[in-house]
Amino acid sequence: MIDVFGLSHKDSGPLSVTTGADRNESSTASPSSPGRRGPGHEQVVFCSDERSGLYAIIAVYSTALGPALGGTRFYPYESEQAALADVLNLSRSMAYKNALAGLDLGGGKAVIIGDPSRDKSEALLRAYGRFVESLGGRYYTACDVGTYSEDMDVVARESSYVTGRTLAHGGAGDSSILTSFGVFQGMRAAAEHAFGSPTLRGRRVGVEGVGKVGRRLVDLLLEDGAEVVICDVNEEAVDLVRRSRPSVEVVADTAALIASDIDVYAPCALGGALNEATVPLLRARVVCGCANNQLADPGVGKLLVERGILYAPDYVVNSGGVIQVADEIEGFNMERARARAAQIFDTTAKIFALAADDGVPPATAADRLAERRMSEVGRLRGIWLGR
Ligand SMILES: NC(=O)c1ccc[n+]([C@@H]2O[C@H](COP(=O)([O-])OP(=O)(O)OC[C@H]3O[C@@H](n4cnc5c(N)ncnc54)[C@H](O)[C@@H]3O)[C@@H](O)[C@H]2O)c1
């Protein structure tokens, strides 16, 4: 087996490493949610173009349901190992997310190592596009942290396998529109399960992080009649909400938010919001937000159950964004994409029911459901079509 970790940034040319079942993945990466089961990644590709400064890793976790789709994260990782761990973890999450979103798409992700504010250039993005193209459609890319629709327009000049482009280029545009809508649908399902009615009217919802998604979620909540309390480390983000929505209450930080008298906690900032320190302090009965990888480790799912807190699995409720960009592959139609994202309500409700039946945390039930679809539908590829 090739030692992918022995490669330094400089000496690694384009290299495709196919990882199989023999790979002891847990010793090389520390995936969090979804769970650690599964056969391992299908393919991990290292892409390097010295002149443009491109150094990227594309990971395809599974193509059981179709080509792998997942965004490109442009981030100044401390080391290649940190970048690899992240892309392995994120690509696996995408497989589960796409499976439960009902898409005919597998899971993949890419990372570009570097500081986007300094290193991003036309040449780098186009070099990256050529590597995406070289995979022949096994991987479709999209935006993620550090990349925007305008960047995807540039990548698309070299590759047909790009989503999340601007509306002007036939793309789906800002994915936070359906991400926030989907989280709201998941929250309605959670409200029905926890409080007996699928409305947030009269409930107090704490939104941590009012960036692109959190801000839109606040609007949906207020329209539904909820009281909203927010926090954000960025004063500008807070001011933006305060100006347009004066009824929103602002608290100093996450600690104040989770300790306040809220019914629902919506983590919409970074991963790891739910951990052994925060869960015991949480007063909310429901957790439902857009942030990826909210559970610091799988054991936190049990902790939430023990405290009687209903957790709507992150990758289920935040799949509206991928539903939006995936629609681009068919030729973007917002109404069709919105109808698909509305189904997040039913999927979330189904997961809560399955969790209750099986006596497991909702995160485990979601993993099981995703694995079942990957297995049952993926298996059909084995039926010979005679051509
Ligand atoms: N944008 C999408 O379509 C999408 C889709 C799926 C998942 N997500 C996930 O949802 C989360 C938010 O995405 P976004 O697009 O809104 O990002 P964003 O960068 O626009 O917003 C994040 C906000 O969180 C704030 N924040 C950061 N650390 C914080 C802290 N400790 N306490 C309070 N606020 C803090 C930031 O200042 C920012 O305003 C991310 O985890 C992202 O991966 C986003």
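Helices here are DSSP runs of H or I with at least four residues, strands are E runs of at least two, and both are numbered from the N terminus. On that count, glycine 359 sits just after α13 and takes a positive phi of about 65°. The model is a predicted one. Its secondary structure comes to 14 helices and 13 strands. Of the 387 residues in the protein, 51% are buried. As for contacts with a separation of 6 or more, 66% of them join residues 24 or more positions apart.

Much of what follows turns on α5 and its helix partners. Helix α5 covers residues 176–195, and α12 covers residues 334–342; their axes lie 9 Å apart and the angle between them is about 30°. Angles under 35 degrees count as roughly parallel, so α5 is roughly parallel to α12. The crossing of this pair is right-handed. On the α5 side the contact is made by Leu178, Phe181, Gly182 and Gln185, and on the α12 side by Ala337, Arg338, Ala341 and Ala342. Sorted by class, the residues of this α5–α12 contact come out as five nonpolar, two polar and one charged.

Next up is the pairing of α5 with α13. Here the axes come within 8 Å and cross at roughly 40°, which makes α5 oblique to α13. The crossing of α5 and α13 is again a right-handed one. From α5, the residues involved are Gly182, Gln185, Gly186, Arg188, Ala189, Ala190, Glu192 and His193, and they meet Ile344, Phe345, Thr348, Ala349 and Phe352 in α13. The mix in the contact of α5 with α13 is six nonpolar, five polar and two charged residues. Gly182 and Gln185 of α5 turn up in the contact with α12 and also in the contact with α13.

Helix α13 itself (residues 344–358) has 15 residues and reaches 21 Å from its first C-alpha to its last, close to the 21 Å expected at 1.5 Å a residue. Its buried residues are Ile344, Phe345, Thr347, Thr348, Ile351, Phe352 and Ala355. As background to that spacing, an α-helix has 3.6 residues a turn, so residues three or four places apart point the same way. The buried residues of α13 pack against quite a list of helices: α1 (80–100), α5, α10 (314–317), α11 (320–326), α12 and α14 (362–378). Among these buried residues, Ile344, Phe345, Thr348 and Phe352 also take part in the contact with α5.

The third α5 partner is α6, residues 212–223, which packs with its axis 8 Å from that of α5 and at an angle of about 50°. That makes α5 oblique to α6. Once more, α5 passes its partner, α6, in a right-handed crossing. The α5 residues in the contact are Ser176, Ile177, Thr179, Ser180, Phe181, Val183 and Phe184, while α6 puts in Lys212, Val213, Arg216, Leu217 and Leu220. In the contact of α5 with α6, seven residues are nonpolar, three polar and two charged. Phe181 of α5 appears in this contact as well as in the one with α12.

Phenylalanine 184, which sits in helix α5, gives a close-up of the α5–α6 pairing. A residue with 20 or more other C-beta atoms within 10 Å is buried, so phenylalanine 184, with 27 C-beta neighbours inside 10 Å, counts as buried. Setting aside neighbours within four places in sequence, phenylalanine 184 is in contact with Leu217 and Leu220. Leucine 220 is 36 residues away from phenylalanine 184 in sequence, yet their C-alpha atoms are 7.1 Å apart in space.

Two loop residues round things off. Glycine 40 lies in the loop between β1 (15–17) and β2 (43–49). With 17 other C-beta atoms within 10 Å, glycine 40 is partly exposed. Its C-alpha atom is 6.8 Å from that of tyrosine 61, 21 residues away along the chain. Asparagine 293 belongs to the loop between β12 (286–287) and α9 (299–306). This asparagine is also partly exposed, having 19 other C-beta atoms within 10 Å. Most residues other than glycine have a negative phi. Asparagine 293, though not a glycine, has a positive phi of about 50°.

Technical notes. Residues numbered from 1 in each chain as written. Predicted model: local features only at pLDDT ≥ 70, side-chain atom pairs only at ≥ 80, totals over all residues. Axes fitted to C-alpha atoms, helices over the stretch in contact; angles between N-to-C directions. Parallel < 35°, antiparallel > 145°, perpendicular 65-115°, else oblique. Left-handed = near helix turned anticlockwise from the far one by under 90°. Contact = placed C-beta atoms within 7 Å. Nonpolar A, V, L, I, M, F, W, Y, C, P; charged D, E, K, R; others polar. Expected span 1.5 Å × (residues − 1). Buried ≥ 20, exposed ≤ 12 C-beta atoms within 10 Å, placed from the backbone.
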